[in-house]
Amino acid sequence: VFVILGVLFAWFNFMLGQLAPPAARIAYLIIMLLPVGMLSVASAALSRFDCTVRSLLRDAAQLTIRHLPRVTAAAVLNVLTVLTCVKYMFFMVWIFLPAVDALLVSLFLEPVLKKYTPMEEGLEDLPREEWPWYLR
């Protein structure tokens, strides 16, 4: 999926760079944030829910539309991290920046996923401090 999006991005960027006004290029970049955000939600949901690829992508698309501001912020952070790592080929950037990105993206996506995470059996009887970290 990333390869297809990359080829489409490169082709449209080449075509829009020659033919379209700057407003069309900005609109195209904003539209490209939706699939990036959907893949961000899908990767975060994959670690929490058991589902097929089809249902994972369907649920990620629905969550992207329902929680558009948070998902867009996560997509922007992911894109900025990738662009920074590509621009600065420095070892420390490649080590620390993805970790910082994962932390910041989890701050945006954790409340979204927490809302849809089912409660496990028997947890209602335990104090809240003994619940798993993703249900607190």
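Helix α3, which covers residues 53-66 of this predicted model, is a convenient place to start. Its 14 residues should span 20 Å at 1.5 Å a residue, and the end C-alpha atoms are indeed 20 Å apart, so the expected and modelled spans agree. Within α3, the residues S55, L56, A60, L63 and T64 are buried.

Stepping back to the whole chain, the secondary structure consists of five helices and zero strands, giving the order α-α-α-α-α from the N terminus on. Of the 136 residues of the protein chain, 26% count as buried. Among contacts between residues at least 6 apart in sequence, 53% join residues at least 24 apart.

One of the buried positions is found in helix α2, which runs over residues 22-46 and includes G37. With a relative accessible area of 0%, G37 falls under the 20% cut-off and therefore counts as buried. Beyond residues up to four places away in sequence, G37 touches T64, V71 and A75. T64 has already been met as a buried residue of α3. The C-alpha atoms of G37 and I65 are 9.8 Å apart, although these two residues are separated by 28 residues in sequence.

The next pair of helices to consider is α4 and α5. Two packed helices are described by the angle between their axes and the distance between the axes. Helix α4 (residues 68-87) and helix α5 (residues 91-116) pack at about 175 degrees, and their axes lie 9 Å apart. Because this angle is over 145 degrees, α4 is roughly antiparallel to α5. On the α4 side, the contact is made by R70, V71, A73, A74, L77, N78, T81, T84 and C85. The α5 side contributes V93, W94, L97, P98, D101, L104, V105, L107, F108, L109, P111 and V112. Sorted by type, the residues of this contact comprise 16 nonpolar, three polar and two charged.

Two members of this contact can be followed individually. N78 lies in helix α4 and has a relative accessible area of 18%; this value is under 20%, so N78 is buried. Leaving out residues up to four places away in sequence, N78 touches S40, D101 and V105. Across the contact, F108 belongs to helix α5. Its relative accessible area of 30% lies between the 20% and 50% cut-offs, so F108 counts as partly exposed. When neighbours within four places in sequence are set aside, F108 is in contact with R70, A73, A74 and L77. The C-alpha atoms of F108 and A74 are separated by 6.4 Å, while the two residues are 34 residues apart along the chain.

Helix α5 also deserves a look of its own. It has 26 residues and reaches 38 Å from its first C-alpha to its last, close to the 38 Å expected at 1.5 Å a residue. Along the way, a kink of about 40 degrees lies at L109, shortly before the proline P111. The buried residues of α5 include D101, V105, L109, V112 and L113; D101 and V105 are also touched by N78. A102, by contrast, is a residue of α5 that counts as partly exposed, at 47% relative accessibility. Its C-alpha atom and that of A44 are separated by 9.9 Å, with their positions 58 residues apart along the chain.

Definitions and conventions. Residues numbered from 1 in each chain as written. Predicted model: local features only at pLDDT ≥ 70, side-chain atom pairs only at ≥ 80, totals over all residues. Heavy atoms only, no water. Axes fitted to C-alpha atoms, helices over the stretch in contact; angles between N-to-C directions. Helix = DSSP H or I, 4+ residues; strand = E, 2+ residues; numbered from the N terminus. Parallel < 35°, antiparallel > 145°, perpendicular 65-115°, else oblique. Contact = heavy atoms within 4.5 Å. Nonpolar A, V, L, I, M, F, W, Y, C, P; charged D, E, K, R; others polar. Buried < 20%, exposed > 50% of the residue type's maximum accessible area, 1.4 Å probe, protein only. Expected span 1.5 Å × (residues − 1). Bend = angle between axes of the 7 residues up to and from the residue.
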